[in-house]
Amino acid sequence: MLPVLLVSIDNTVLNFALPAISTATLPTGVQLLWMVDIYPLVLAGLLVAMGSLGDRIGRRRLLLIGSAGFGVVSVFAAFSPSIEGLIIARAALGFFGAMLMPSTLSLLRSTFVDRDQRRLAIAIWATGFAAGSALGPVVGGILLEHFAWGSVFLLAVPVLLPLLVLAPILVTESRDPHPGRIDFLSIALSLGTMLPIVYGIKSIAEHGVSWLSLAPIVLGLGLGVWFVRRQVRVPNPMLDMGLFRRGAFSGAVGVNLLSVTALVGCLFFISQHLQLVLGLSPLSAGLVLVPGLAAMIVAGLLIVPIARRVRPSRVVPAALLVSVAGFASIALRGGQIDAFWIGVAFVLLGIGIGAAETVSNELIVATAPADKAGAASAVSETAYELGAVLGTAVLGTILTVSYRAAVLLPEGLTTAERLAAGETLGGAVAVAEQLPAGVAEQLPAGVAEQLLDSARHAFDSGVGLTAWIGVALVLGAAVVALVALRRAR
């Protein structure tokens with residue numbers, strides 16, 4: 001539970017620290033996206049490799065190595081002097097984080113051999129994500145109101161210390177009894193598939209569609225094809241591609257990918273809307289989302305007895321339709337939504353996604369052979385992290401492009417101020433706060449208010465569009481579940 005809690009706290013706290021990081025470091029829109037994305041990007045690129053490594057050297061051993069490294073790098077991230085240093089630290093966190101998640105789910109697979117027990121164990125395991133997401137904004141909000149933004153990374157230390165002490169005592173080691181050799185070329189191909197694709201998406205956000213932005217995407221897709229073909233040919237593949245021919249496995253992975261993409265994209269704009277548009281403190285903004293995260297925990301546990309009696313092809317789409325209602329409630333208001341209705345919408349999101357992902361995760365683990373639990377669990381986690389990358393890279397890019405196109409900057413700002421205010425909402429807020437103490441006496445009265453109004457309206461105009469994309473993604477996940485899981489019991 002502790003690694004799951006750690007990773008979810010880290011992701012949620014970062015979302016709520018974005019405004020503070022934006023005003024302190026004044027990143028460009030693309031730098032801000034890279035800072036958010038580099039962690040799940042490296043994580044997603046290495047998860048399958050680390051899951052396979054855990055099968056070979058021992059899942060508990062890999063868990064302890066990753067935990068120690070994650071804690072040390074978190075301290076470096078807390079005191080990073082620049083946005084570039086923070087991006088590097090986040091990449092290192094992704095490297096060690098890739099050792100944590102496949103180990104936890106595969107250890108559950110080896111510990112709980114009875115399927116009913118395992119389904120409940122996975123539901124409790126999944127509550128760690130929601131519990132961490134609920135705890136992160138509250139504790140992180142308190143820290144952000146009293147300390148610098150770097151303090152949020154230090155939350156990893158008190159979570160990791162008991163893990164390092166208790167895991168060797170309480171957790172039984174498990175591994176593949178007949179492991180193959182480590183395939184370094186496949187490791188390089190899995191990482192090489194992810195990096196160019198996300199880099200290309202970010203280049204489109206910064207420079208528009210061109211050969212320079214499309215070429216990395218084509219390169220990534222080509223390396224992905226090479227990776228798949230290699231897994232089919234080698235005698236001991238890092239990832240058994242035959243798993244994807246099982247409808248329950250591939251369908252559950254697809255559900256995770258689409259639903260997490262929508263959820264992370266939603267968190268990206270909701271956290272900024274609550275703080276920078278509605279003017280809530282980080283703690284108050286976190287409290288708005290706590291009921292939804294609590295609903296996610298309750299839904300994940302209550303779905304367990306239902307899933308024993310109702311087919312996945314019925315229960316998963318029904319749960320996801322509840323999430324669709326949450327996205328639609330934001331989209332129909334075009335982003336003009338107050339804190340109360342954001343809280344209601346997030347409760348609907350939490351109910352649907354919490355229930356659906358408990359069932360889909362159990363299907364992924366149940367359909368894979370026990371000796372390949374690490375690699376199969378890594379596929380599930382890769383879907384999560386790839387969804388996190390796409391949520392911020394695609395939906396965040398659409399929101400950034402929409403903001404840039406709609407914001408109207410008042411006359412009289414310096415070149416640096418126009419660049420910062422035109423990139424992100426956080427940059428506009430930072431510029432507006434500096435105007436009274438800077439060159440405001442040289443500008444017409446009310447320029448700061450004019451800049452804030454324009455920036456907030458520009459941001460909210462993109463929120464409505466992004467929420468509609470969230471509706472489409474979750475509907476797509478429901479269709480995938482309806483079709484691909486129809487034979488799963």
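Trainee: Where is Ser 313 found?
Mentor: Ser 313 is found in helix H12. Keep in mind that this is a predicted model.

Trainee: Is Ser 313 buried or exposed?
Mentor: Ser 313 counts as buried, because its relative accessibility is 8% and the cut-off for buried is under 20%.

Trainee: Which residues does Ser 313 touch?
Mentor: Leave out residues up to four places away in sequence. Then Ser 313 touches Ala 481, Leu 482, Leu 485 and Arg 486.

Trainee: And how many residues does helix H12 have?
Mentor: H12 has 20 residues, numbered 312-331. From first C-alpha to last, H12 reaches 28 Å, close to the 28 Å expected at 1.5 Å a residue.

Trainee: How many of the residues of H12 are buried?
Mentor: In H12, 15 of the 20 residues are buried, so the helix is largely enclosed by the rest of the structure.

Trainee: Let's try H13. How far does H13 reach from its first C-alpha to its last?
Mentor: H13 reaches 40 Å, close to the 40 Å expected at 1.5 Å a residue. The helix has 28 residues, 339-366.

Trainee: How many residues of H13 are buried?
Mentor: 20 of the 28 are buried, which leaves H13 mostly covered.

Trainee: What about Trp 341? Where is its place?
Mentor: Trp 341 sits in H13. Its relative accessible area is 36%, so Trp 341 is partly exposed. Its C-alpha is 12 Å from that of Leu 278, and the two residues are 63 apart in sequence.

Trainee: Zooming out. How many helices and strands does the protein chain have?
Mentor: The chain has 17 helices and zero strands.

Trainee: What radius of gyration would a compact globule have?
Mentor: With 489 residues, a compact globule would come out near 23 Å. The protein chain has 22 Å, which agrees. Along its principal axes, the C-alpha trace spans about 75 × 45 × 40 Å.

Trainee: What percentage of the residues count as buried?
Mentor: Of the 489 residues, 59% count as buried. The accessible surface of the chain is about 19,000 Å², and 69% of that belongs to carbon and sulfur atoms.

Trainee: What share of the contacts comes from residues 24 or more positions apart?
Mentor: Take the contacts with a separation of 6 or more. Residues 24 or more positions apart account for 83% of them.

Trainee: Got an example? Which residues does Ala 123 touch?
Mentor: Leaving out residues up to four places away in sequence, Ala 123 touches Gly 300, Leu 301, Val 304 and Thr 358. Ala 123 is also 9.0 Å from Leu 302, C-alpha to C-alpha, with their positions 179 residues apart in sequence.

Trainee: Where is the place of Ala 123?
Mentor: Ala 123 is in helix H6, residues 115-146. Ala 123 counts as buried, because its relative accessibility is 0%.

Trainee: Now a glycine. Is Gly 200 buried or exposed?
Mentor: Gly 200 is buried, with a relative accessible area of 0%. Its place is in helix H8, residues 184-207. Beyond four places in sequence, Gly 200 touches Ser 213, Pro 216 and Ile 217.

Trainee: How far is Gly 200 from Gly 150?
Mentor: Their C-alpha atoms are separated by 29 Å, and the two lie 50 residues apart along the chain.

Trainee: Loops next. Where is Leu 243 found?
Mentor: Leu 243 is in the loop between helix H9 (211-233) and helix H10 (247-277). At 3% relative accessibility, this loop residue counts as buried.

Trainee: What is Leu 243 in contact with?
Mentor: Setting aside neighbours within four places in sequence, Leu 243 is in contact with Phe 249, Thr 367, Ala 368, Pro 369 and Ala 376.

Trainee: Last helix. Which residues of H4 are buried?
Mentor: Among them are Ile 83, Leu 86, Ile 87, Arg 90, Leu 93 and Phe 96. H4 has 15 residues and should span 21 Å; its end C-alpha atoms are 20 Å apart, which agrees.

Trainee: And charges? How far apart are the mean positions of the positive and negative charges?
Mentor: They are 18 Å apart, for 29 positive and 26 negative charges.

How values were computed. Residues are numbered from 1 along each chain as its sequence is written. This is a predicted model: local features need pLDDT of at least 70, side-chain atom pairs count only at pLDDT 80 or more; totals for chains, interfaces and linings use all residues. Side-chain values use heavy atoms; hydrogens and water are left out. Helices (H or I, at least four residues) and strands (E, at least two) are DSSP runs, numbered from the N terminus. The expected span of a helix is 1.5 Å times one less than its number of residues. Buried means under 20% relative accessible area, exposed over 50%, partly exposed in between (1.4 Å probe, protein chains only). The radius of gyration is taken over C-alpha atoms; the globule rule is 2.2 Å times the number of residues to the power 0.38. Contact means heavy atoms within 4.5 Å. Accessible areas come from the Shrake-Rupley method with a 1.4 Å probe; for residues, only the protein chains shown count as cover. Lys and Arg count as positive and Asp and Glu as negative; His and the chain ends are not counted. The place of a charge is taken as NZ of Lys, CZ of Arg, CG of Asp or CD of Glu.
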